[in-house]
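Me: Let's go through this one by question and answer. I'll ask, you reason it out.

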Amino acid sequence: MDKKPVYLCKNIKELQKKSEISKYVTNSIMKTCETLSKVYEQYEKSLLEKDEELAYIFVMRFLTMLCEVKKSFKSDTKYINVMFDSQKVNQAFEKADKLKESLQARYELDKQREMEIKKEP
């Protein structure tokens, strides 16, 4: 199965805006970690479906939320580290970089194709 065609955005900046979220840390560490787990599951599902755009959105949300959770719940760092071990987090960072590179190349290719179509009589 090939990668799903890009369909959400025209460039990586647009996609990064879609990955932003405003409120994601609650007063409950359990509830927040549950939300984090759901976001991570959506990221994995998107990877399986070969949807790089959605995978990028969800992995960036996961990483952003995780950083904020670690700041907000400093006393619960051990619990957070058990829920989201460093290997999983490191893999998510690496995959985010790979997705970004892949998507940038695909957006550029789409832009070139679009320009070629406009040039045709």
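Me: Leaving aside neighbours within four places in sequence, which residues is Ile-80 in contact with?

Reply: Quick caveat: this is a predicted model, where local features need pLDDT of at least 70, side-chain atom pairs count only at pLDDT 80 or more, and totals for chains, interfaces and linings use all residues. Residues are numbered from 1 along each chain as its sequence is written, and side-chain values use heavy atoms, with hydrogens and water left out. Contact means heavy atoms within 4.5 Å. With neighbours within four places set aside, the partners of Ile-80 are Ile-29, Cys-33, Leu-66, Val-69, Lys-70 and Phe-73.

Me: Which residues have the most contacts inside the largest nonpolar core?

Reply: Such a core is a set of buried Ala, Val, Leu, Ile, Met, Phe, Trp, Tyr and Cys residues joined through side-chain atoms within 4.5 Å. Buried means under 20% relative accessible area, exposed over 50% and partly exposed in between, with a 1.4 Å probe and protein chains only. The largest core here has 29 residues, and those with the most contacts inside it are Leu-15, Phe-62, Ile-80 and Phe-84.

Me: And which element gives the most to this core?

Reply: Helices are DSSP runs of H or I with at least four residues, strands are E runs of at least two, and both are numbered from the N terminus. The elements that give two or more residues to the core are α1, α2, α3 and α5. With 10 residues, the one that gives the most is α3.

Me: What do the buried residues of α3 pack against?

Reply: The buried set includes Tyr-56, Phe-62, Leu-66 and Val-69, along with charged residues, among them Glu-52 and Glu-53. They pack against α1, α2, α4 and α5.

Me: How far apart are the end C-alpha atoms of α3?

Reply: The expected span of a helix is 1.5 Å times one less than its number of residues. For the 21 residues of α3 that should come to 30 Å. The model agrees, with its end C-alpha atoms apart by 30 Å.

Me: Which residue caps the N-terminal end of α3?

Reply: Look in the loop between α2 and α3, at a residue that is buried, with a relative accessible area of 3%. One of its side-chain oxygens lies 3.3 Å from the backbone nitrogen of Glu-53. The cap is Asp-51.

Me: Which side chain does a polar contact of 2.5 Å join to that of Asp-51?

Reply: A polar contact is a pair of N or O atoms within 3.5 Å; within protein, one must be able to donate a hydrogen and the other to accept it, and residues adjacent in sequence count only if both atoms are side-chain atoms. Neighbours within four places aside, Asp-51 is in contact with Lys-4, Tyr-7 and Ser-46. The 2.5 Å polar contact joins its side chain to that of Tyr-7.

Me: Arg-106 and Glu-52 form a salt bridge; how many residues apart in sequence are the parts it ties together?

Reply: A salt bridge is a side-chain nitrogen of Lys or Arg within 4 Å of a carboxyl oxygen of Asp or Glu, and this pair meets at 2.8 Å, N to O. Arg-106 counts as buried at 17% relative accessibility, and Glu-52 is buried too, at 11%. Lys-3 joins these two in a network of salt bridges. Arg-106 lies in α5 and Glu-52 in α3, so the parts tied together are apart by 54 residues.

Me: Is Lys-10, in its salt bridge with Glu-114, buried or exposed?

Reply: The two side chains meet at 3.9 Å, N to O. That pair links distant parts of the chain, with Glu-114 in α5 and Lys-10 in the segment before α1, 104 residues apart. Glu-114 is partly exposed at 39%. Lys-10, at 59% relative accessibility, counts as exposed.

Me: What kind of aromatic pair do Phe-62 and Phe-84 form?

Reply: Rings of Phe, Tyr and Trp (its six-membered ring) pair if their centres lie within 6.5 Å; planes under 30 degrees apart count as stacked, over 60 as edge-to-face and the rest as tilted. Both Phe-62 and Phe-84 are buried, and they join Tyr-40 and Tyr-43 in one aromatic cluster. At 5.6 Å centre to centre and 65° between the planes, the pair is edge-to-face.
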